[in-house]
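Reader: Got a minute to go through this one with me? I'll keep the questions short.

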Amino acid sequence: MSFNISNSSDPKSQIMDQIRQEAAVNNARALISKVNGHCFEKCIPSPGTSLSGREERCLSVCMEKYIATWNVVSRTYIAQVQKSAGQAGGGAVMDGLGV
């Protein structure tokens, strides 16, 4: 999956854009995996052929909370990395790690 974020023809910029995109995709995959494992375990005590209304609501609320928490942690981490990079004299910081 490749999206050309930068209009620059600079190969270094293109590579950095690709790395950012791949990091975002990997983080999304990790989030989905963790949400599935955590919320399924919490909300589905005995799996069957279909979900009850209660199980569906539980999954929905669990996923929303998990994703919101993930985004807060991700933004906080990125801000900390950017702050550290700024104090160290700059450097490329990978953003777009949130979902």
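Author: Sure. Terms before numbers: buried means under 20% relative accessible area, exposed over 50%, and partly exposed in between, using a 1.4 Å probe and protein chains only. This is a predicted model, where local features need pLDDT of at least 70, side-chain atom pairs count only at pLDDT 80 or more, and totals for chains, interfaces and linings use all residues. Residues are numbered from 1 along each chain as its sequence is written, and side-chain values use heavy atoms, with hydrogens and water left out.

Reader: What share of the protein chain counts as buried?

Author: 19% of its 99 residues.

Reader: How many helices and strands?

Author: Two helices and zero strands. Both kinds are DSSP runs numbered from the N terminus: helices are H or I with at least four residues, strands are E with at least two.

Reader: What span should helix α2 have, and what does the model give?

Author: Helix α2 covers residues 53-87, which is 35 residues, and should span 51 Å. The expected span is 1.5 Å times one less than the number of residues. Its end C-alpha atoms are 51 Å apart, which agrees.

Reader: Which residues of α2 are buried?

Author: Glu-55, Leu-59, Cys-62, Trp-70, Asn-71, Ser-74, Ile-78 and Ala-85. Their cover includes α1.

Reader: Switching to disulfides. How many in the whole structure?

Author: Two turn up, taking a disulfide as a pair of cysteine sulfur atoms within 2.5 Å. One joins Cys-39 to Cys-62, S to S 2.0 Å. Cys-39 lies in helix α1 and Cys-62 in helix α2, so the pair ties together parts 23 residues apart in sequence.

Reader: And the other one?

Author: Cys-43 with Cys-58, sulfur atoms 2.0 Å apart. Cys-43 is in helix α1 and Cys-58 in helix α2, 15 residues apart. The torsion about their S-S bond is about -70°, so this disulfide is left-handed.

Reader: Which handedness does the link of Cys-39 and Cys-62 have?

Author: Left-handed, with -85° about the S-S bond.

Reader: Are these four cysteines buried or exposed?

Author: Cys-39 and Cys-62 are both buried. Cys-43 is buried at 2% relative accessibility. Cys-58 is partly exposed at 22%.

Reader: What pattern do the disulfides follow?

Author: 1-4, 2-3, counting bonded cysteines along the chain.

Reader: New topic. How many salt bridges?

Author: One. The rule is a side-chain nitrogen of Lys or Arg within 4 Å of a carboxyl oxygen of Asp or Glu. Here Arg-20 meets Asp-17 at 3.1 Å, N to O. Both lie in helix α1 (residues 11-43), three residues apart, about one turn of the helix.

Reader: Why does Asp-17 count as buried?

Author: Because its relative accessibility is 9%.

Notes:
Contact means heavy atoms within 4.5 Å.
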